[in-house]
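The following paragraphs lead the reader through a protein–DNA assembly, beginning with the protein chains and proceeding to the nucleic acid. Please keep the structure in view while reading.

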Protein chains: 2
Amino acid sequence: MQFSFRLPVATHILLCIERFKDEYKTTSTFLASSVNVNPVIIRKTLGQLKAAGLVEVAAGVGGAKLTKSPEDITLWDVFRAVEEDEDLFHFQENPNPKCPVGRNIHGVLGDRLEEVRQHMLADFKKITLADLLESIATKEAAE
Amino acid sequence: MQFSFRLPVATHILLCIERFKDEYKTTSTFLASSVNVNPVIIRKTLGQLKAAGLVEVAAGVGGAKLTKSPEDITLWDVFRAVEEDEDLFHFQENPNPKCPVGRNIHGVLGDRLEEVRQHMLADFKKITLADLLESIATKEAAE
DNA sequence: TGTCGATGTAATGTTAATAGATACAACGAA
DNA sequence: TTCGTTGTATCTATTAACATTACATCGACA
C-alpha cells in the first residue's frame, strides 16, 4: 500500500530546475542524473508538469523552467499533475446487494474516506516549493 | 496510486460480524458472500485482524466476534492491522549524492510527507465502527 | 540548409503487488 | 469418527509501475 514514485520524482525535478536555473541548462539528461532514473521517465513526468502549467519545456533547444515562482507552487499542484484523480481507496465492485452492509458500505465508508483524502490534499496545499528549497539550502549550508 | 482493497474489505468484515452477531454464525463463507470475494481472502484478513487483537475466531466450530465494543475500534486500528507500516511514499533509492538536491531531498521531503501521513492516521482514529454501523442503520431505515 | 543536441512518444521487457483459486492439514463439537 | 470450519501453502492471472531502446520531430546555429 503505497503511493508511487511519481510525486517525489516530480518534486525533485522541480526543485532541481529552480536550484540550478542559473548554473546549468536543466535538460532531461541533467535531471535524470540527479534523480538517478532513466531520462525517459524525466521527460514523461516533465510532460505531465507541462500539461499542468507548472513548467515550460524548450523543445529542440532543451531545458525547462518554472512558469511561476516557487512560493506559488505547492505539493498539491504537483500531486494533481502526476497522479490520476481517482479515489484513494479501492472498493470491492460488487458487494452483495441483499446484505444491508454490502449494499451500503460503499456510500458510508466512501464518504468518510473521501474526507480523509480532502484533508490530505489540504495538507499538500500548505507545502510550497519555496519551503523545500529553503530547507535544502539550510542543509547545504550546514554541510 | 491507490490503497489496496484491504482496508475497505477488513472494515466490511468487522461491520458484518457486529451487524449479524445475533442472527447468523459469521463464518468466512458467510462473510465472503456479503463482501463478494473468495473465502480465503476473508480468512487471511481475519487472521490479520485476529493478530491485531480486534477479533476472536473460533477455530473448528467457526465464526468470529469482536473483542471490543464498536465504539472502541477505529479505522486506525483496522488500517494498522491490514497494511504494512511502511512509508506512504516511495523514494528513489539512489539519488545522486553529488547533487545538493539529490542528497537532501529524502530528508527534506520525507519529513513533510511523514507529517501528512500522521495527519491521515489521526483522521482514521476519529472514525469508529460504531459511527459506521449507525450510518448503515440510518440508511437501512430509510430504504 | 544540413547538422546536432534535445524533446516527445511508441513499443517492449521486467518486476512486484494483488487477488483468485484449489488443496489439504488441523481443529472442535456432536 | 464424522462434519463443517479455520489456517495455510501453493499456483496462476492480472495489473501497474518502472526501465530501456528506438526513432521521429523540433529549433538553433554554423
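All interface residues of chain B, that is 100%, are also interface residues in chain A, so the two copies meet through the same surface. The model under discussion is a predicted one. The contact draws 56 residues from chain B and 56 residues from chain A.

The relation between the copies can be stated in geometric terms. In general, two copies of a chain are related by a rotation about an axis and a shift along it. Here, a turn of 180° with a shift of 0.0 Å along the axis lays chain B on chain A with an RMSD of 0.0 Å. That is the relation of a two-fold axis.

The interface may next be considered by its area and its chemistry. Between them, chain B and chain A bury about 5,600 Å², and 67% of this area is on carbon and sulfur atoms. The count of salt bridges between chain B and chain A is zero. Polar contacts, by contrast, are present: 13 residue pairs across the two chains are in polar contact, counting pairs in which both residues have pLDDT 80 or more.

Which elements of chain B give two or more residues to the side that touches chain A? They are the helices α1 (6–19), α2 (28–35), α4 (75–82), α5 (100–125) and α6 (129–141) of chain B. The largest share of this side, 16 residues, comes from α5(B). By class, the residues on the side of chain B that touches chain A divide into 29 nonpolar, 16 polar and 11 charged.

Attention now turns to the DNA, starting with strand C. DNA strand C is surrounded by 22 residues, and the closest are A:S28, A:K50, A:G60, B:F5 and B:G60. Of the atoms of DNA strand C that come within 4 Å of the protein, sugar and phosphate account for 62%. Individual contacts involve both backbone and base of the strand. An N or O atom in the side chain of A:K50 is 2.6 Å from a phosphate oxygen of DNA strand C. A phosphate oxygen of this strand also lies 3.5 Å from a backbone N or O atom of A:G63. A base nitrogen of DNA strand C, in turn, lies 2.7 Å from a backbone N or O atom of A:G60.

Which helices supply the surface near DNA strand C with at least two residues each? They are α3 (39–51) of chain A and α3 (39–51) of chain B. Of the elements, α3(A) gives the most to this surface, with three residues. The surface near DNA strand C has 10 nonpolar, eight polar and four charged residues.

DNA strand D can be followed in the same order. Around DNA strand D there are 23 residues, the closest being A:F5, A:G60, B:S28, B:K50 and B:G60. Sugar or phosphate makes up 59% of the atoms of DNA strand D within 4 Å of the protein, and the rest belong to bases. On the side of chain B, an N or O atom in the side chain of B:S28 is 2.6 Å from a phosphate oxygen of DNA strand D. An N or O atom in the side chain of B:K50 is likewise 2.6 Å from a phosphate oxygen of DNA strand D. A polar backbone atom of B:G60 is 2.7 Å from a base nitrogen of DNA strand D.

The elements that give two or more residues to the surface near DNA strand D are α3 of chain A together with α3 of chain B. Here α3(B) gives the most, with three residues. The surface near DNA strand D has 11 nonpolar, eight polar and four charged residues.

Conventions. Residues numbered from 1 in each chain as written. Chains lettered and ligands numbered in written order. Predicted model: local features only at pLDDT ≥ 70, side-chain atom pairs only at ≥ 80, totals over all residues. Heavy atoms only, no water. Near = heavy atom within 4 Å. Polar contact = N/O pair within 3.5 Å; in protein donor to acceptor, adjacent residues only side chain to side chain. Helix = DSSP H or I, 4+ residues; strand = E, 2+ residues; numbered from the N terminus. Nonpolar A, V, L, I, M, F, W, Y, C, P; charged D, E, K, R; others polar. Least-squares fit on C-alpha atoms with pLDDT ≥ 70 in both. Contact = heavy atoms within 4.5 Å. Buried area = accessible area lost by both parts, 1.4 Å probe. Salt bridge = Lys/Arg side-chain N within 4 Å of Asp/Glu carboxyl O.
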